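Thanks for making the time. I will go through one structure, so please have it on the screen while I talk.

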Amino acid sequence: MTTDPTRQAAPPMSRVEVSGLLAMMAAFRSRTPSDTELRWWRDQLTGYSAAECQAAILAHSRTSPDSVTPAQIIGRIRDARHRTETRRHRLARDPAADAARSAAAARRGMAAVYAETGWTRLPEQQAALAVPCPEPDCGVPAGVMCVQGGRRDRRDSATGVHRSRRDAAEATADRHQEVTR
């Protein structure tokens, strides 16, 4: 038997499990398997679980009236595993990239709301939103409103941003004025 890299180390199926698979197939093809056939199938399907094999047999029976072979079962299991891995890969996300996408969406959304309604921000708030928040529990990028970190809200009630962010914005504005002088 060759080593197949796509076979995962599933516990070997018991004789009863293989009998169940062959009984399932017998229901589709009206034939009872021999003891030799039972052992051969068990050897062929080593490394695949009974549940995977049953799912493959059912999928085969939906698409083909022909008898199923171990190679067809293994092919269907590989396809199913590949689809599962592809889905997992698509679902595995980078938290930093997700945060950046969310922040960008928040900036676009709030900018649209303010533009549509004609609202304006306080000058202090506008200046503070020009820099990222240095608050450890917040850390939102520039353009995004601060979030509450911890149990106690440390944001300024008038501007809705952390005082440290307001101070950072003032320091940036002071440095900018010194450079332009």
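**Two cysteines, a pocket and a few contacts**

I start with cysteine 146, which is buried, with a relative accessible area of 4%. One caution before going on: this is a predicted model. The mean pLDDT of the protein chain is 82, and 91% of its residues reach 70 or more. By element, helix 1, residues 15-29, has the lowest mean pLDDT, at 77. Helix 6, residues 123-128, has the highest, at 89. As a general point, where pLDDT is low, the predicted coordinates should not be read in detail.

Back to the cysteines. How many disulfides does the count come to? Zero. For cysteine 133, the nearest cysteine sulfur is that of cysteine 146, 3.6 Å away, and cysteine 133 is in no disulfide. The reverse also holds: cysteine 146 is in no disulfide, and its nearest cysteine sulfur is that of cysteine 133. The cut-off is 2.5 Å between the sulfur atoms, and the separation here is 3.6 Å, so the pair does not count as a disulfide. Is cysteine 133 buried or exposed? Cysteine 133 is buried, at a relative accessible area of 6%, and I gave 4% for cysteine 146.

On annotation, the UniProt record, an unreviewed entry, carries "domain: DNA-binding phage zinc finger" over residues 125-180. In the model, that span is 39% helix and 0% strand. The C-alpha atoms at its two ends lie 23 Å apart.

Glutamine 126 is in helix 6. At 47% relative accessibility, glutamine 126 counts as partly exposed. Its C-alpha lies 9.6 Å from that of arginine 166, and the two residues are 40 apart in sequence.

Next, the largest pocket. Its volume is about 160 Å³. Which residues line it? The lining consists of Glu52, Ala55, Ala56, Ala59, Arg76, Ile77, Asp79, Ala80, Arg81 and Arg83. Two elements give two or more residues each to that lining: helix 3, residues 50-63, and helix 4, residues 70-91. Helix 4 gives the most, with six residues. By character, the lining divides into five nonpolar residues, five charged ones and no polar ones.

Last, two contacts from elsewhere in the chain. Methionine 13 sits in the segment before helix 1. Methionine 13 counts as buried, because its relative accessibility is 4% and the limit for buried is under 20%. In sequence, methionine 13 and glycine 47 are 34 residues apart, while in space their C-alpha atoms are 8.3 Å apart.

The other one is leucine 38, in helix 2, residues 35-44. Leucine 38 is also buried, with a relative accessible area of 8%. Leucine 21 is 17 residues from leucine 38 along the chain, and 9.5 Å separates their C-alpha atoms.

To close, I repeat two points. The count of disulfides is zero, with the sulfur of cysteine 133 at 3.6 Å from that of cysteine 146. The largest pocket takes most of its lining from helix 4, which gives six residues.

Definitions and conventions. Residues numbered from 1 in each chain as written. Predicted model: local features only at pLDDT ≥ 70, side-chain atom pairs only at ≥ 80, totals over all residues. Heavy atoms only, no water. Buried < 20%, exposed > 50% of the residue type's maximum accessible area, 1.4 Å probe, protein only. 1 Å grid on protein atoms, 1.4 Å probe; cavity = no way out; pocket = protein on both sides within 12 Å on 5 of 7 lines; lining within 4 Å. Points joined across faces, edges and corners; volume = space filled by probe spheres on them. Helix = DSSP H or I, 4+ residues; strand = E, 2+ residues; numbered from the N terminus. Nonpolar A, V, L, I, M, F, W, Y, C, P; charged D, E, K, R; others polar. pLDDT = per-residue confidence, 0-100. UniProt positions renumbered as here; feature names shortened; annotations may be inferred.
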